[in-house]
Amino acid sequence: MKEFEIVCPITREPRLKEIEAKAAGLKYVLKKRSIDARKDPVWRYQYEAYAPEDNYREYELPEYPDVHDSDSVIVVGAGPAGMFAALKLITLGLKPIILERGKDVHERKFDMAKLSREGIVNPDSNYCYGEGGAGAFSDGKLYTRSSKRGDIREVLHQLVFFGASPDILIDAHPHIGSDKLPVVVENIRKHIVEHGGEYHFSTRVTSIGPDCSVTAADGSVFHGKAVILATGHSARDVYEMLHDAGGALEAKGFALGVRVEHPQEKINWCQYHGQWKPGVPAAEYSFVEQVDGRGVFSFCMCPGGILVPSSTEPGTIVLNGMSNSNRNGKFANAGVVVQIEPEDVPGDGPFRLMDFQHEVEKRMYDFSASRFPSNPMAAPAQRMEDFCLGKLSKQLPETTYAPGTVNAPLHELLPPIVADRLRKAFPRVRMRNYYTNAALLLGVESRTSSPVRIPRDPETLEYVSMKGIYPCGEGAGYSGGIVSSAMDGIRCAEAAARSSEVGHS
């Protein structure tokens, strides 16, 4: 096998003759496509070429047997970790029973619409809870920094099998898009059910017994040989359930800050050095700064995207971003957040960072409600330069956030450990025109990851306090994002199958 690269202008694809000449009669496979905009923007296409003796084989998905009559494993949560755990269980000959507190991916849209238009929060069905989890209505970013979690191809190829664009197999920064993800999520559910798995929506888990029996809020009881706990980063009631039963929990670092919204044309001009043209992908950005001993970084950048309300309980304001697959909106948004470590928050209880998170979310709501009682979900907002200078903005620019904004002193509403670092970080960002009063800051971006960890054995992946329970994904504190959560779900499914407590049919 040999590798070669072809570079071409951003406005065209590589020419077939050029590719065949580089491959010199060998079988060639495109492995990666990326944009390099360090100078004049170009496409970089990286290929691998194989001789017959290399015995090149395409990646093949595993077989999905019928598991209607197989031993059951309970999967709590239908987000990426839960869905991919369920798929893996089927390949291992086990029947997944998925319990999801929220609604299916289509029904939850009505509750999200009420949240955006009327400010009504359904605590069990919103942008975080429901089939597909928090990622189902997001940009659908599929990159992960980890190379130790397993074979990423198992996740990406399954997503393509269930309806995602094959481009995710080669793009350096693959994404699916909030308009495409619901169909993929629904296809995964149909596949699981067709092969013998079960889904139970509006089924909020209230207790787990020592025999791996699971009780729901409506009194239903489910039995399995093991329980995979994939409840997402916002399920406080699950942490409280475990804590009340005497289970171990740990405070875990997370990040908190604001969503930053720029006109997309400014980001395009900066990143493409003024050479962006229609048809060229909307530009992205990312940065990391170290300020006073803590990281300040961009998070979940959504080119051509919109901002959405992501509160999971009344009386709080939380923001997130999303993009459709074509990323053609007028604005770019990203979370810009400050790392918060357990030692930054007084106390020693496992919930102290979650309490800190909740306090900031409530403070945002209380400010808006006091200024704008008819629309308390309006987000406190401030222009970027005004924030850094510590002064109120005279007026606020247009925003994609449907509930609207209220002029606010975010430099005072945010905790000092966050506000002070953000005020130092924004002028340092090494992008022309990033630091500008055309940029709008909105509070608060607080659901970057779970502020609580459910500790598990590093070898068996079992919960340290209860046999047969496998905490996984973002809610357990072991992943961040769609792909890493899916891969952790796969690992926990394999661990549950290996356990001596689980018998194969």
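# Exercises on a predicted model

V444 has its place in strand β20, residues 440–445. Strands (E, at least two residues) and helices (H or I, at least four) are DSSP runs, numbered from the N terminus. The model is predicted, so local features need pLDDT of at least 70 and side-chain atom pairs count only at pLDDT 80 or more, while totals for chains, interfaces and linings use all residues. Residues are numbered from 1 along each chain as its sequence is written, and side-chain values use heavy atoms, with hydrogens and water left out.

## Exercise 1: backbone

Task: State which kind of peptide bond joins G443 and V444, and describe the phi of A24 and of S202.

Solution.
- Step 1. Most residues other than glycine have a negative phi, and most peptide bonds are trans.
- Step 2. The bond between G443 and V444 is cis, with omega at about 15 degrees.
- Step 3. A24 is not a glycine, yet its phi is positive, about 55 degrees. A24 sits in the loop between α1 (16–23) and β2 (27–36). With a relative accessible area of 53%, A24 is exposed; exposed means over 50%, buried under 20% and partly exposed in between, with a 1.4 Å probe and protein chains only.
- Step 4. S202, also a residue other than glycine, has a positive phi near 50 degrees. Its loop runs between β6 (198–200) and β7 (205–208).

## Exercise 2: the three-stranded sheet

Task: Give the strand order of the open sheet that holds β1, β2 and β3, and find the helix that packs on this sheet.

Solution.
- Step 1. Two strands pair if DSSP finds at least two bridges between them.
- Step 2. The order is β1-β3-β2, with antiparallel pairing. β1 (2–9) and β2 are the edge strands, each pairing on one side only.
- Step 3. On average, neighbouring strands of this sheet are turned by 20 degrees against each other, direction ignored. Axes are lines fitted to C-alpha atoms, for helices over the stretch in contact, and angles run from 0 to 180 degrees between N-to-C directions.
- Step 4. β2 and β3 (residues 42–50) share nine bridges in the antiparallel sense. K27 stands opposite Y50 in β3. Helix α1 packs on the sheet, touching β1, β2 and β3, and its direction makes about 160 degrees with that of β1; contact means heavy atoms within 4.5 Å.
- Step 5. S34 has R44 of β3 as its bridge partner, and a hairpin of five residues joins β2 to β3.

## Exercise 3: the five-stranded sheet

Task: Find the edge strands of the parallel sheet of five strands, and the helix that lies across β10 and β22.

Solution.
- Step 1. The open sheet has the order β6-β5-β4-β10-β22, and its pairing is parallel.
- Step 2. β6 and β22 (469–471) stand at the edges with a single partner strand each, so one side of each has no neighbour in the sheet.
- Step 3. β5 (residues 95–99) pairs with β6 in the parallel sense over three bridges, and L99 stands opposite H200 in β6.
- Step 4. Helix α13 (residues 482–498) lies across β10 (227–229) and β22, at about 165 degrees to β22.

## Exercise 4: helices α4, α5 and α13

Task: Describe the span and packing of α5, then the angle between α4 and α13.

Solution.
- Step 1. α5 (residues 181–194) has 14 residues and reaches 20 Å from its first C-alpha to its last, close to the 20 Å expected at 1.5 Å a residue. The expected span is 1.5 Å times one less than the number of residues.
- Step 2. The buried residues of α5 include V184, V185, I188 and I192. Those buried residues pack against α2 (80–91), β5, α3 (108–118), α4 (152–161), β6 and α13.
- Step 3. G196, which follows α5, has a positive phi near 115 degrees.
- Step 4. α4 and α13 pack at about 110 degrees, with their axes 9 Å apart. The two helices are therefore roughly perpendicular; that term covers 65 to 115 degrees, against under 35 for roughly parallel, over 145 for roughly antiparallel and oblique for the rest. I152, E154, V155 and L156 of α4 make the contact with V483, A486, M487 and I490 of α13.

## Exercise 5: cysteines

Task: Count the disulfides in the structure, and check C270 and C300.

Solution.
- Step 1. A disulfide is a pair of cysteine sulfur atoms within 2.5 Å. The structure holds zero.
- Step 2. The closest cysteine sulfur to that of C270 belongs to C388, 17 Å away, which is too far for a bond. C270 is buried, at 10% relative accessible area.
- Step 3. C300 is in no disulfide, and the nearest cysteine sulfur, in C302, is 4.1 Å away. C300 counts as partly exposed at 22% relative accessibility.
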